[in-house]
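Q: I would like to take a close look at a single part of this protein, and I am still new to reading structures. Please take me through that part slowly and explain each term when it comes up.

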Amino acid sequence: MELTVFGASGGVGREVVRQALAEGHGVTAVVRDPARLDVPAREGLRVAVLADLTDEDALVALLTGRDAVVSALGAANNRQARLTPVAGPALRAILAAMDRAGVSRLSAVSAAPLGPDAPGDGVLLRAVVHPLLRRALRDLYADLAVMEAAIAASGTRWTVVRPPRLLNRPRTGTYRRALDANVPGGKVISRADVADALLSTLNDPATAGHALGVAA
């Protein structure tokens with residue numbers, strides 16, 4: 001496949017680029033600062049520098065002829081969400097550009113707190129930990145909620161991946177999944193496994209139009 005990856009210089013995005021290239025996909029890695037990509041130049045990799053992710057015309061040029069889009073614009077690399085929302089405005093423009101470019105498949109990273117509490121989670125998690133987390137990062141999650149709403153209202157074949165706390169650990173491929181739910185007791189997952197989930201859903205029609213909870 002030919003993929004365009006947004007947020008390619010973030011922790012999850014770099015893993016998406018590496019894994020996609022290793023699997024033989026062509027990748028257009030969209031970044032603001034190419035020095036942060038930290039992926040060696042190789043056949044199949046194109047780096048596109050775009051400072052304004054709401055520039056629809058520029059986005060169309062990066063999407064034309066592609067088979068799918070992966071967005072890693074999320075909790076891991078959207079650290080200025082309290083000041084400037086990133087994921088919501090960017091995805092609205094990306095979705096419009098996808099429509100113009102004729103690209104229909106999208107996978108995007110979000111965050112577990114936007115999903116329902118998992119069955120089996122204890123009272124402490126449901127009544128104390130989760131509400132405190134949602135309150136502390138409310139601006140970030142508000143941005144992601146806008147993103148998810150825009151994606152759900154689009155005409156794309158979309159999958160939203162909702163991980164819990166992200167860790168810098170190797171890819172295992174053995175993480176747990178829950179369709180339209182959070183993983184019971186799911187507290188952490190590696191960024192590499194989140195990247196694996198984002199890529200694997202592209203070829204999994206059962207995940208189209210759904211949110212996918214993932215956790216170690």
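Which residues point one way from β4 and which the other way, and are they buried or exposed?

A: A few words on the model come before the strand itself. This is a predicted model, in which local features need pLDDT of at least 70 and side-chain atom pairs count only at pLDDT 80 or more, while totals for chains, interfaces and linings use all residues. Residues are numbered from 1 along each chain as its sequence is written, and side-chain values use heavy atoms, with hydrogens and water left out.

From β4, Ala68 and Val70 point one way, whereas Val69 and Ser71 point the other way, and all are buried. Here buried means under 20% relative accessible area, exposed means over 50%, and partly exposed is in between, with a 1.4 Å probe and protein chains only. In a regular strand the side chains alternate between the two faces of the sheet. The names of the elements come from DSSP runs numbered from the N terminus, where helices are H or I with at least four residues and strands are E with at least two. By this count the protein chain has 6 helices and 10 strands, and 50% of its 216 residues count as buried.

Next come the neighbours of the strand. Strands of a sheet pair through backbone hydrogen bonds, either parallel or antiparallel. Two strands are said to pair if DSSP finds at least two bridges between them. Strand β4 (residues 68-71) runs parallel to strand β5 (residues 105-109), and 4 bridges join them. Ala68 stands opposite Arg105 in β5, and Val70 has Ser107 of β5 as its bridge partner. Strand β1 is also joined to β4 by 4 bridges, and these two run parallel; in this pairing Thr4 stands opposite Val69 of β4.

These strands belong to an open sheet of 8 strands with mixed pairing, in the order β3-β2-β1-β4-β5-β6-β10-β8. At its edges stand β3 (45-49) and β8 (176-179), each with a single partner strand, so one side of each is left without a neighbour in the sheet. On average, neighbouring strands of this sheet are turned by 20 degrees against each other, direction ignored. Helix α6 (residues 191-200) packs on the sheet and touches β1 (2-6), β4, β5, β6 (157-162), β8 and β10 (210-215), and its direction makes about 160 degrees with that of β5. Contact here means heavy atoms within 4.5 Å, and the axes are lines fitted to C-alpha atoms, for helices over the stretch in contact, with angles that run from 0 to 180 degrees between N-to-C directions.

Two loops that adjoin the edge strands complete the picture. Most residues other than glycine have a negative phi, and most peptide bonds are trans. Asp38, in the loop between β2 (26-31) and β3, has a phi near 55 degrees, a positive value in a residue other than glycine, and with 54% relative accessibility Asp38 counts as exposed. Asp180, which lies in the loop between β8 and β9 (188-190), likewise has a positive phi of about 55 degrees although it is not a glycine, but Asp180 is partly exposed, with a relative accessible area of 41%.
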